[in-house]
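Colleague: Hey, got a minute to walk me through a model? I'd like to get a feel for how it is put together.

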Amino acid sequence: MVKSLREGAKINLACNPVQWEGLLGRLTDQTESIGAVFREDKLNERLAPREYLEFFCDLWGSKARMEQAVSAMHLQDLLDTPIHKMNYSQCRRVAFAREI
């Protein structure tokens, strides 16, 4: 049962310890694949998406996944366009690609 979510309120999850342990196990198994994209995600506007994504690939050691992310977000035609010239939805796709 979830109680009021006022500021400072606590959430009461009504489940037995076995259910709770199973839920925590599933969550901890997936933590390596969790990413976050915020509504006001500040991208480095001085870079093009290629440079921006390469930076994060180098940081996380996942260079091979960049092509997959670019393809999934349909960014092939925008890779060399400066981020400051992109519209909101294009910037969102760059942010999502970063998390893939």
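Modeller: Sure, let's go from the overall fold to a few single residues. Keep in mind that this is a predicted model.

Colleague: Okay, how many helices and strands does the protein have?

Modeller: The secondary structure comes to four helices and zero strands. Read along the sequence, that gives the pattern α-α-α-α.

Colleague: And what share of the residues is buried?

Modeller: Buried residues make up 23% of the 100 residues in the protein.

Colleague: What about contacts between residues that are far apart in sequence?

Modeller: Take the contacts between residues at least 6 apart in sequence: 60% of them join residues at least 24 apart.

Colleague: Let's go inside. How many residues are in the largest nonpolar core?

Modeller: The largest nonpolar core has 18 residues, and those with the most contacts inside it are Leu43, Tyr52, Leu53 and Leu75. Helix 2 (49-60), helix 3 (65-72) and helix 4 (88-99) are the elements that give two or more residues to this core.

Colleague: Pick Leu75, then. What is it in contact with?

Modeller: If you skip its neighbours within four places in sequence, Leu75 is in contact with Leu53, Val70, Gln90, Arg93, Val94 and Ala97.

Colleague: Gln90 caught my eye there. Is Gln90 buried or exposed?

Modeller: Gln90 has a relative accessible area of 17%, and the cut-off for buried is under 20%, so Gln90 is buried. You'll find Gln90 in helix 4. Not counting residues up to four places away in sequence, Gln90 touches Leu75 and Leu78.

Colleague: New topic: at what angle do helix 2 and helix 4 pack?

Modeller: The angle is about 20°, and the axes of helix 2 and helix 4 are 10 Å apart. Angles under 35 degrees count as roughly parallel, so helix 2 and helix 4 are roughly parallel to each other.

Colleague: Is the crossing left-handed or right-handed?

Modeller: Helix 2 passes helix 4 in a right-handed crossing.

Colleague: Which residues meet there?

Modeller: From helix 2 you have Pro49, Tyr52, Leu53, Phe56 and Trp60, and they meet Val94, Ala97, Arg98 and Glu99 in helix 4. The residues of this contact divide into seven nonpolar, no polar and two charged.

Colleague: Speaking of Ala97, which residues does Ala69 contact?

Modeller: Leaving aside neighbours within four places in sequence, Ala69 is in contact with Ala97 and Ile100. The C-alpha atoms of Ala69 and Ala97 are separated by 4.9 Å, although the two residues are 28 residues apart along the chain. Ala69 is found in helix 3, and at 3% relative accessibility it counts as buried.

Colleague: Back to helix 2 for a second. Where does Arg50 sit, and what does it touch?

Modeller: Arg50 is in helix 2. Not counting residues up to four places away in sequence, Arg50 touches Met66, Leu79 and Asp80. Its relative accessibility is 32%, so Arg50 counts as partly exposed. Also, the C-alpha atoms of Arg50 and Thr81 are separated by 8.7 Å, with the two residues 31 residues apart along the chain.

Colleague: Last one: what is phi of His74?

Modeller: Phi of His74 is near 55°, a positive value in a residue other than glycine. Most residues other than glycine have a negative phi.

Colleague: And where is His74, and is it buried or exposed?

Modeller: His74 is in the loop between helix 3 and helix 4. Its relative accessible area is 55%, and exposed means over 50%, so His74 is exposed.

Colleague: Great, thanks!

Key. Residues are numbered from 1 along each chain as its sequence is written. This is a predicted model: local features need pLDDT of at least 70, side-chain atom pairs count only at pLDDT 80 or more; totals for chains, interfaces and linings use all residues. Side-chain values use heavy atoms; hydrogens and water are left out. A nonpolar core is a set of buried Ala, Val, Leu, Ile, Met, Phe, Trp, Tyr and Cys residues joined through side-chain atoms within 4.5 Å. Buried means under 20% relative accessible area, exposed over 50%, partly exposed in between (1.4 Å probe, protein chains only). Contact means heavy atoms within 4.5 Å. Axes are lines fitted to C-alpha atoms, for helices over the stretch in contact, and angles run from 0 to 180 degrees between N-to-C directions. Angles under 35 degrees count as roughly parallel, over 145 as roughly antiparallel, 65 to 115 as roughly perpendicular and the rest as oblique. A crossing is left-handed if the near helix is turned anticlockwise from the far one by less than a right angle, and right-handed if clockwise. Ala, Val, Leu, Ile, Met, Phe, Trp, Tyr, Cys and Pro count as nonpolar, Asp, Glu, Lys and Arg as charged, and the others, Gly among them, as polar.
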